[in-house]
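Student: Could you take me on a close look at a single part of this model? I'd like one strand and its surroundings, and then the charged pairs elsewhere in the chain.

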Amino acid sequence: MKETTKEKITALIERYPALAVCRDDLTAATQILIDCWTAGGKLLVCGNGGSASDAEHIVGELMKGFVLPRKLDVSLQQKLRAATPQTADYLIDNLQGTLAAVSLVNETALNTAFANDQAADLVYAQQVLGLANVGDVVLGITTSGNSTNVIHALFVAKAKGAKTVALTGRSGGKIKAVADVTICVPAEETYKIQEYHLPIYHALCIAVENEFFDL
């Protein structure tokens with residue numbers, strides 16, 4: 001991990017001193033994500049309610065530029081010019097580099113069909129079963145740490161050889177015993193936990209973007 005990437009975590013804690021208790025887990029989660037994308041993997045994210053919105057938010061920051069410009073690498077530019085000479089400049093000027101990430105909350109047809117036909121608490125686990133590969137990362141967001149559908153998803157992730165990260169509240173809940181890394185923010189009320197979750201995942205996105213696109 002670059003020193004400048006570590007500095008992004010330090011900057012978060014300087015803004016939110018209460019999150020100093022999360023420093024080691026933030027660093028570990030950042031390294032897991034770096035290892036994932038270095039190996040060509042992807043991030044799968046899930047949660048419920050406000051955490052479902054957070055899952056979508058995270059993917060939005062990773063799949064396009066966040067705080068840094070993400071110019072396409074020269075090799076890809078050349079391939080685009082070969083594939084479509086007439087529109088290559090437009091694509092190169094506007095497309096941005098990505099960090100592959102998928103929100104599991106968006107598959108409405110799949111999730112509702114599986115919930116109706118099989119088991120509602122396995123909708124995320126079913127997607128992880130189909131999408132996760134060795135070296136991928138599954139991030140489960142649960143303010144209580146006890147969301148059954150998120151915990152099931154992490155168990156399946158481990159069975160598939162994926163790494164697991166949890167983002168939760170002070171106690172960690174049941175998910176703390178499941179995830180490879182659990183970031184437990186120092187709060188107990190749901191809205192206060194969520195208030196910490198946003199700057200944390202912004203910092204994670206900033207850190208990994210710095211690792212891959214601060215060239």
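What follows is a walk around one strand, then a look at salt bridges.

Tutor: Sure, and keep in mind that this is a predicted model. Let's settle on β3, the strand at residues 137-141, where five of five residues are buried. In a regular strand, side chains point alternately to one face of the sheet and then the other. For β3, one side carries Val137, Leu139 and Ile141, while Val138 and Gly140 sit on the other. Both faces are covered, with every one of those residues buried.

Now for the neighbours. Strand β1, residues 43-47, runs parallel to β3, and five bridges hold the pairing together. On the other pairing, β3 and strand β4 (residues 163-168) are also parallel, again with five bridges. Val138 is a handy place to stand, as Leu44 lies opposite this residue and Thr164 is its bridge partner in β4. To get from β3 to β4, the chain passes through helix α8 (residues 148-159), making a right-handed β-α-β crossover.

Helix α8 also gives us a way into the charged pairs. Lys158 forms a salt bridge with Asp180, at 3.1 Å from N to O. Lys158 belongs to α8, whereas Asp180 is in the loop between β4 and β5 (181-184), so the contact spans 22 residues of chain. Neither partner counts as buried, because the cut-off for that is under 20% relative accessible area: Asp180 is partly exposed at 39%, and Lys158 is partly exposed at 37%.

The model has seven salt bridges by this rule, and another one makes a nice contrast. Glu209 pairs with Arg70, their closest N and O atoms lying 2.8 Å apart. That bridge ties together distant parts of the chain, 139 residues apart: Glu209 is in helix α9 (residues 190-213), and Arg70 is in the loop between α3 (50-62) and α4 (74-83). Here both Glu209 and Arg70 are buried.

One more pair for the tour: Asp89 and Arg81 join in a salt bridge, with 2.6 Å from N to O. Asp89 is partly exposed, its relative accessible area being 44%, and Arg81 is partly exposed as well, at 40%.

So if you go back to the picture, start at β3 with its two covered faces, follow the chain through α8 into β4, and then step over to the bridge between Lys158 and Asp180.

Conventions: Residues numbered from 1 in each chain as written. Predicted model: local features only at pLDDT ≥ 70, side-chain atom pairs only at ≥ 80, totals over all residues. Heavy atoms only, no water. Buried < 20%, exposed > 50% of the residue type's maximum accessible area, 1.4 Å probe, protein only. Helix = DSSP H or I, 4+ residues; strand = E, 2+ residues; numbered from the N terminus. Pairing = 2+ DSSP bridges. Right-handed = clockwise from strand over helix to strand, strands pointing away. Salt bridge = Lys/Arg side-chain N within 4 Å of Asp/Glu carboxyl O.
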